[in-house]
Amino acid sequence: MKAACDRCGQKYEPETGFYYGAMYVSYAVSIILMFIPVAFLYFIFNADFKILLGTCIFIYITMYPLIFRWSRNIWLNIFVHYDPQLHEKIRKEIPSR
């Protein structure tokens, strides 16, 4: 992961241990992503427990890289707010690449 944003210079790790809270966000995102297909399989097709468990494992393994990034992004956006005026000022100061 990069140390800072190329455009605005925002550090992606404001302090040591900042992303520990992202684990809670990751848990919530994982539950949401797994609940919908599992509920669909259970209530519509009356699927067996092994199929439901296999579906959960498959979804989690395949979606883990996205869940990891989404949870860090959500956690960072809770504490760091986007300021379009500041962004525009910094963009003018930093030459385009």
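These notebook entries record what I looked up in this structure, which is a predicted model.

**Entry 1. Aromatic pairs**

I began with the aromatic rings. A pair of rings is described by the distance of the centres and the angle of the planes. My count came to 7 aromatic pairs. I then took up F18 and Y19, whose ring centres lie 5.0 Å apart. Their planes stand at 85 degrees, and since an angle over 60 counts as edge-to-face, I entered the pair under that heading. I also looked up the burial of these two residues: F18 is buried, and Y19 is buried as well.

Next I turned to Y42 and F43. The centres of their rings are 5.0 Å apart and the planes meet at 80 degrees, so I recorded this pair, too, as edge-to-face. For accessibility I noted that Y42 has a relative value of 41% and therefore counts as partly exposed. F43, at 63%, counts as exposed because the cut-off for that class is over 50%.

**Entry 2. The cluster and a charge over a ring**

Which residues form one aromatic cluster with F18 and Y19? I found W75 and F79 in that cluster. I then asked what lies over the face of Y19. I found R72 there, at 3.8 Å from the ring centre. Y19 thus appears twice in my notes, as a member of the cluster and as the ring beneath R72.

**Entry 3. The largest pocket**

I moved on to empty space. Rolling a probe the size of a water molecule over the atoms shows where such space is left. The largest pocket holds about 550 Å³. I listed 20 residues in its lining, and those closest to the pocket centre are C5, C8, Q10, Y12 and L76. The elements that contribute two or more residues to this lining are helix 2 (49-79) and helix 3 (84-93). Helix 2 gives the most, with 6 residues. By residue class, I recorded the lining of the largest pocket as 11 nonpolar, 5 polar and 4 charged.

**Entry 4. S26**

Last, I looked up a single serine. S26 is placed in helix 1, which spans residues 22-45. Is S26 buried or exposed? Its relative accessible area is 13%, and because buried means under 20%, I entered S26 as buried. I then asked which residues S26 touches, leaving aside those up to four places away in sequence. The contacts I noted for S26 are I67 and S71.

Definitions and conventions: Residues are numbered from 1 along each chain as its sequence is written. This is a predicted model: local features need pLDDT of at least 70, side-chain atom pairs count only at pLDDT 80 or more; totals for chains, interfaces and linings use all residues. Side-chain values use heavy atoms; hydrogens and water are left out. Rings of Phe, Tyr and Trp (its six-membered ring) pair if their centres lie within 6.5 Å; planes under 30 degrees apart count as stacked, over 60 as edge-to-face and the rest as tilted. Buried means under 20% relative accessible area, exposed over 50%, partly exposed in between (1.4 Å probe, protein chains only). A charge sits over a ring if NZ of Lys or CZ of Arg is within 6 Å of the ring centre and within 35 degrees of the ring normal. On a 1 Å grid over the protein atoms alone, a cavity is a set of points where a 1.4 Å probe fits but cannot get out, and a pocket is an open set with protein on both sides within 12 Å along at least five of seven lines; lining residues have an atom within 4 Å of a point. Grid points are joined across faces, edges and corners, and a volume is the space filled by probe spheres set on the points. Helices (H or I, at least four residues) and strands (E, at least two) are DSSP runs, numbered from the N terminus. Ala, Val, Leu, Ile, Met, Phe, Trp, Tyr, Cys and Pro count as nonpolar, Asp, Glu, Lys and Arg as charged, and the others, Gly among them, as polar. Contact means heavy atoms within 4.5 Å.
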